[in-house]
Every structure is written in structure tokens, then in C-alpha cells.
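Here are my notes on the model, set out as numbered points for you to read beside the coordinates.

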Amino acid sequence: MEYNLQKEGCSVTAASSGEEGLQRFRDASFDLVITDITMPGMSGMEVLQQVKAVSPATEVIVITAYGTIESAVEAMKNGAADYVTKPFNRDEFRIIVERTLRVHDLEKENRQLRAELRDKYRFEGIIGTSPQITKVLEIAGRVAKSDATVLITGESGTGKELLARGIHYNSSRSEGPFV
């Protein structure tokens, strides 16, 4: 598996046990962890749980020769990206790894874009020192912390959309769509 993944252009760090793998995981950053369920010492389920506890964004593929529906469900509940039973086809496994890494990259990009939006629409980015704009920003800050529906009115070009986006991206609903 190590050879085949390296041949596909992946940078691979191998470990002979769950404990060794977790130590290497703690020492470096990984996008993907592949673990067998049945190993001497620490099980693959324990590896999965500890990886997700340390880095929820890291993808984990669980492989096993003794696949059951119960173990597959448990792995997925614990955050596994995929569950593969042995023996598996090398090309099939390559596709699973590629898909998992593609999803990981998309989620990472999504998190980065959301962070950029939050930074762009911070209330500090709205310029104004008049008592009226200060009061509007104070109210907007309070509203952003609530679940209230907000209607913003005003003349064209006064920054209504900027204020609305500021409220959205400073609220607990910022992960959802801006409506």
C-alpha cells in the first residue's frame, strides 16, 4: 500500500503499530490517516477516535479483513471517511484515497473562504465615527448575537448590504447561507 500510494504521488509515512502511527501523527500534520482495525496493541477504532479528537479535519480511512456491518457503522459514527474491506483492488483503493483527499481539500478551501468572508465583513471594516453610525453598529452587534430576523431600510448607497453581511458573518448562523 505504501509503495502504491507513493507511486501515485502521495507523500507517505508508514507506522508498524497504532501507537507508532499516533506518535508520528502528533509530530507532523497529515491530511489522511489509513488504519487497519485489527492490529497488535491499539485497535484501528482507537486510532480513529484519537486522530479525530486531535484533528477533526483529518480524514481517516479504516480497512479491515473482518468487516461487519456493526464495525462499519461504528467507524462511520466515529468520523471515518470510508470503510474498506480486504482484499481490495489497488485501483479501487486509489480512487477511494483520491476522492477522500479531494473532499478534504474542498472542505479546507471552504473553511478558508468562510474565514476570509468573516474577516471582510467584520464590523470594524465599516467606516464611520458619527453618533448615528456608532449606534447602528452597536445595535447590529447585539442583533448578530440573537436569532432575530432583521429588516434594514435606507436610501440607495448607504451600505445596507454591507451592514447585513456584517450581521450575518458575525452571527452564530455564519456557517449557513447569507439570505
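1. The lining of the largest pocket draws at least two residues from each of α1 (2–7), α2 (18–27), β1 (32–36), α3 (44–54) and α5 (90–120), where helices (H or I, at least four residues) and strands (E, at least two) are DSSP runs numbered from the N terminus. A pocket here is an open set of points on a 1 Å grid over the protein atoms alone, where a 1.4 Å probe fits, with protein on both sides within 12 Å along at least five of seven lines, and lining residues have an atom within 4 Å of a point.

2. This is a predicted model, in which local features need pLDDT of at least 70 and side-chain atom pairs count only at pLDDT 80 or more, while totals for chains, interfaces and linings use all residues. Residues are numbered from 1 along each chain as its sequence is written, and side-chain values use heavy atoms, with hydrogens and water left out.

3. Thirty residues line the largest pocket, and Thr13, Ala14, Leu32, Val33 and Ile34 lie nearest its centre.

4. Asp82 is placed in strand β3 (residues 82–85) and is buried, with a relative accessible area of 15%, buried meaning under 20% (1.4 Å probe, protein chains only). Its side chain is joined to that of Arg99 by a polar contact of 2.4 Å, that is, a pair of N or O atoms within 3.5 Å, of which, within protein, one must be able to donate a hydrogen and the other to accept it, and residues adjacent in sequence count only if both atoms are side-chain atoms.

5. Beyond its neighbours within four places in sequence, Val51 is in contact (heavy atoms within 4.5 Å) with Leu22, Phe25, Val33, Pro56, Thr58 and Val60.

Terms used
Buried < 20%, exposed > 50% of the residue type's maximum accessible area, 1.4 Å probe, protein only.
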